[in-house]
Amino acid sequence: MRSLLVLGSCSRSTLPRLVATQSFFHRHSIHQQPCPTAPTRKDFASYFFHNDNWDARQFTRLAYKPVEPLPTFRESAVLTPKRLFGIYAQLAKTRLTVLVMLTATSGVALSPLPTTLPVLLSTALGTALCSASANTLNQLQEVPYDAQMVRTRQRPLVRHAISPLHATCFAIATGITGPALLWTMTTPLTAVIGAANICLYAGLYTYLKRKTTLNTWVGAVVGGLPPLMGWTACGGKLLPVSDYPVKFFLPPFLTDIPPDISMIDNPLGAFSLFMLLYSWQFPHFNSLSHLLRASYAQAGYKMLSVLSPQKNALVSLRHTLLLVPICSILFPLSGLTTWTFALTSLLPNCFWVRSAAALWRSYGEKQAKSLFHTSLWYLPLMLALMMVHKQGVDWTDWGTSKGGDGTSKISGEGSQSKLA
């Protein structure tokens, strides 16, 4: 046992010497001494735990250079009318408001009911004011979270370009003026939808953004309401009644009865416009949120792209597939467009489905950017195609005859439009 202890305490270089002298120790009963160990080398960290290692003479004294103090605040720029208009435009989110105006005026343009130029302009302006109010109220509630995101940290309220009280007054002024204009110049139902959209976006949607992923579905409803505002501004109704039934326009190869132009104004047309904008929201926003998912996660927003990118891409693909029957079946069936639109809309829809499928397969940044860019031209193109194939309008026949009552009749179609 002692030999084993000796072997364990000695290094490998002394092993032959121990074997040779083992019998000598037994014969002469010489007390065995442990092998001397090499002095342990101080590790790097131990150097800093001994005050003796720190000699003031080893260090040279650096010259002291005073640092100029930083300013405690920066004065805000004077709010000139031009700068204030720019701040209002940022509060209203100009690009988003223009898109909302486009969809609202498309409801006016696609409505088969007669309209006037003041109704069209009032619908556009009233919808823009409602959108500006909703966006401003949204930013007032999200200042702490906008400051955490690179995309939103330059908003006016975050950088204190305008006071919260000033922004609140702007939101209240636009939120009252917009519905009031719609009530006066169009119909009360249009004003009610505009006011309800402000509450839905600035209230429920903004609250749910940090609570659940269902906020995206609520936001899609918000995006689908502006076309209904344009539809009701012309006097159209949203729900079927006894004197306002739902009418189906079958394709020509299934019926020999020519379409009754007077029955085009039915609730199915309003539902078709709503479904187009509702389903369009998902691939448009989901692809954008996929690109910004790191910022959304940093700010604590409950977005589907943050919690499950796979489901986010699947929802986008699902609604791009749903848009195919909406455009090729629902719109011609409602009578808003001819059945030729069912064919011409297939090419843009197939291209968009392909982009959504690419994102669903790979979840890549490149595919998300491609899907987002496709959504930007898809909606204006589809609205333009719907205008080209609008039921009761023959764009190839420009022969019109004006009557003394201020109406113009498009020859060959029998549809009348009241001029301003």
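## Tyrosine 201 and the stacked pairs

Tyrosine 201 is buried in this predicted model, its relative accessible area being 14%. Tyrosine 205 is buried too, with a relative accessible area of 10%. Both values count as buried because the cut-off for that class is under 20%. The two tyrosines belong to helix H8 (residues 188–208), where they stand 4 residues apart, or about one turn of the helix.

A search of the whole structure gives 11 aromatic pairs. One of them joins tyrosine 201 to tyrosine 205: the rings are stacked, at 5.2 Å centre to centre and with 20 degrees between the planes. Phenylalanine 274 and tyrosine 278 make another stacked pair, with 5.7 Å between centres and 20 degrees between the planes. Helix H10 holds both phenylalanine 274 and tyrosine 278, again 4 residues apart, about one turn of the helix. Both of these residues are buried.

## A ring cluster and arginine 210

Tyr145, Phe285, Tyr296 and Tyr301 are linked into a cluster by ring pairs. Two of these rings also have a charged neighbour. The charged end of arginine 210 sits over the ring of tyrosine 145, at 3.8 Å from its centre. The charged end of arginine 210 also sits over the ring of tyrosine 301, here 5.9 Å from the ring centre.

## Salt bridges

Side chains of opposite charge can pair when their charged atoms come close. In this model the count is 3 salt bridges.

Glutamate 142 pairs with lysine 209, and their closest N and O atoms are 3.1 Å apart. Glutamate 142 is in the loop between helix H5 (117–141) and helix H6 (143–146), while lysine 209 is in the loop between H8 and H9, so this salt bridge ties together parts that are 67 residues apart in sequence. Glutamate 142 and lysine 209 are both buried.

Another salt bridge is formed by arginine 155 and aspartate 146, with 3.2 Å between the closest N and O atoms. Arginine 155 is buried at a relative accessible area of 18%, and aspartate 146 is buried at 2% relative accessibility. Glutamate 365 forms a salt bridge with arginine 293, where the closest N and O atoms are 2.8 Å apart. This pair links distant parts of the chain, 72 residues apart: glutamate 365 lies in helix H16 (residues 365–388) and arginine 293 in helix H11 (residues 293–299). Glutamate 365 is partly exposed at 38% relative accessibility, and arginine 293 is partly exposed with a relative accessible area of 27%.

## Cysteines

The disulfide count is 0. Cysteine 199 is exposed, because its relative accessibility of 56% is over the 50% cut-off. Cysteine 327, at 1% relative accessibility, is buried.

## Nonpolar surface patch

Val246, Phe248, Leu250, Phe253 and Leu254 form a nonpolar patch on the surface. Together these residues have about 540 Å² of accessible area. One of them, leucine 250, is in the loop between helix H9 (215–233) and helix H10 (267–291). Leucine 250 has a relative accessible area of 46% and is partly exposed. Leucine 250 can belong to the patch because its 46% is over the 30% that patch residues need.

Note on methods
Residues are numbered from 1 along each chain as its sequence is written. This is a predicted model: local features need pLDDT of at least 70, side-chain atom pairs count only at pLDDT 80 or more; totals for chains, interfaces and linings use all residues. Side-chain values use heavy atoms; hydrogens and water are left out. Patches are made of residues with over 30% relative accessible area and no salt bridge: like charges are joined within 9 Å, nonpolar side chains (Val, Leu, Ile, Met, Phe, Trp, Tyr) within 5 Å. Accessible areas come from the Shrake-Rupley method with a 1.4 Å probe; for residues, only the protein chains shown count as cover. A salt bridge is a side-chain nitrogen of Lys or Arg within 4 Å of a carboxyl oxygen of Asp or Glu. Buried means under 20% relative accessible area, exposed over 50%, partly exposed in between (1.4 Å probe, protein chains only). Rings of Phe, Tyr and Trp (its six-membered ring) pair if their centres lie within 6.5 Å; planes under 30 degrees apart count as stacked, over 60 as edge-to-face and the rest as tilted. A charge sits over a ring if NZ of Lys or CZ of Arg is within 6 Å of the ring centre and within 35 degrees of the ring normal. A disulfide is a pair of cysteine sulfur atoms within 2.5 Å.
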